[in-house]
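Take a moment to turn the molecule around on your screen before reading on. The report below walks through it step by step.

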Amino acid sequence: MSERSRFVEQAAKFKKDTEDVKAPKRVDAVIEKVRNVANENNVNPNIIEEVYRTLISCFINYELVQHSKINN
């Protein structure tokens with residue numbers, strides 16, 4: 001998580017706007033990937049999706065804060 005936080009801080013510097021930060025198509029691709037991995041490993045994909053969506057949402061919110069600091 002710590003490493004991911006540092007990556008988010010760095011990424012915020014390169015994003016043009018908040019839509020780049022939110023990247024809904026990228027989120028959808030990640031969710032599709034983890035659901036497939038869950039299915040392949042006999043894990044409930046709904047649980048994995050919920051965990052990942054929560055994690056992604058938290059980091060998007062953090063990146064939005066970082067992005068606004070840089071661009072204001």
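The protein has four helices and zero strands. Read from the N terminus on, its elements run α-α-α-α. This is a predicted model, and the average pLDDT of the protein is 95, with 100% of the residues scoring at least 70. Confidence is not even along the chain: the mean is lowest in H1, at 92, and highest in H3, at 98. As a rule for any model of this kind, coordinates should not be read in detail where pLDDT is low.

**Overall dimensions and contacts**

Along the principal axes, the C-alpha atoms fill a box of roughly 45 × 25 × 15 Å. Of the 72 residues in the protein, 22% are buried. Now think about which parts of the chain touch each other. Among the contacts with a separation of 6 or more, 72% are between residues 24 or more positions apart.

**The largest pocket**

How much space lies in the largest pocket? The value is about 510 Å³. Its lining consists of 21 residues, and those nearest the centre are Arg4, Arg26, Val27, Val30 and Ile56. Four elements each give two or more residues to this lining: helix H1 (2-12), helix H2 (18-22), helix H3 (24-40) and helix H4 (45-70). Sorted by class, the lining holds 14 nonpolar and seven charged residues, and no polar ones. If you wonder how such spaces are found, rolling a probe the size of a water molecule over the atoms shows where empty space is left.

**A buried glutamate**

Next, look for Glu63, which is found in helix H4. Is Glu63 buried or exposed? Its relative accessible area is 6%, so Glu63 counts as buried. The side chain of Glu63 makes a polar contact with the side chain of Lys15, at 2.9 Å. Leaving aside residues up to four places away in sequence, Glu63 touches Val8, Ala11, Ala12, Lys15 and Val21. One of these neighbours shows nicely how the chain comes back on itself in sequence terms: Glu63 and Ala11 are 52 residues apart along the chain, and their C-alpha atoms are separated by 7.8 Å.

**Two residues with a positive phi**

Here is some background for the next part. Most residues other than glycine have a negative phi. With that in mind, find Ala23, which sits in the loop between H2 and H3. Ala23 is not a glycine, and yet its phi is positive, at about 40°. With a relative accessibility of 24%, Ala23 counts as partly exposed.

Asn42 also calls for a look, in the loop between H3 and H4. Its phi is near 55°, a positive value in a residue other than glycine. Asn42 is exposed, with a relative accessible area of 74%. The loop between H3 and H4 is also where Asn41 lies, and Asn41 is partly exposed at 49% relative accessibility.

**Comparing positions along the chain**

Two residues of helix H4 join the picture here. Ser57 is found in helix H4 and is partly exposed, with a relative accessible area of 34%. Thr54 has its place in helix H4 as well, and at 45% relative accessibility Thr54 counts as partly exposed.

The table sets out some pairs of residues, with their spacing in sequence and between C-alpha atoms.

| Pair | Apart along the chain | C-alpha separation |
|---|---|---|
| Glu63 and Ala11 | 52 residues | 7.8 Å |
| Thr54 and Val27 | 27 residues | 11 Å |
| Ser57 and His67 | 10 residues | 15 Å |
| Asn41 and His67 | 26 residues | 36 Å |

Try tracing these pairs on the model yourself. Thr54 and Val27 are 27 residues apart along the chain, with their C-alpha atoms separated by 11 Å. Asn41 and His67 are 26 residues apart along the chain, and here the C-alpha separation is 36 Å. Val27 may be familiar by now, as one of the residues nearest the centre of the largest pocket.

Key. Residues numbered from 1 in each chain as written. Predicted model: local features only at pLDDT ≥ 70, side-chain atom pairs only at ≥ 80, totals over all residues. Heavy atoms only, no water. 1 Å grid on protein atoms, 1.4 Å probe; cavity = no way out; pocket = protein on both sides within 12 Å on 5 of 7 lines; lining within 4 Å. Points joined across faces, edges and corners; volume = space filled by probe spheres on them. Nonpolar A, V, L, I, M, F, W, Y, C, P; charged D, E, K, R; others polar. Buried < 20%, exposed > 50% of the residue type's maximum accessible area, 1.4 Å probe, protein only. Polar contact = N/O pair within 3.5 Å; in protein donor to acceptor, adjacent residues only side chain to side chain. Contact = heavy atoms within 4.5 Å. pLDDT = per-residue confidence, 0-100.
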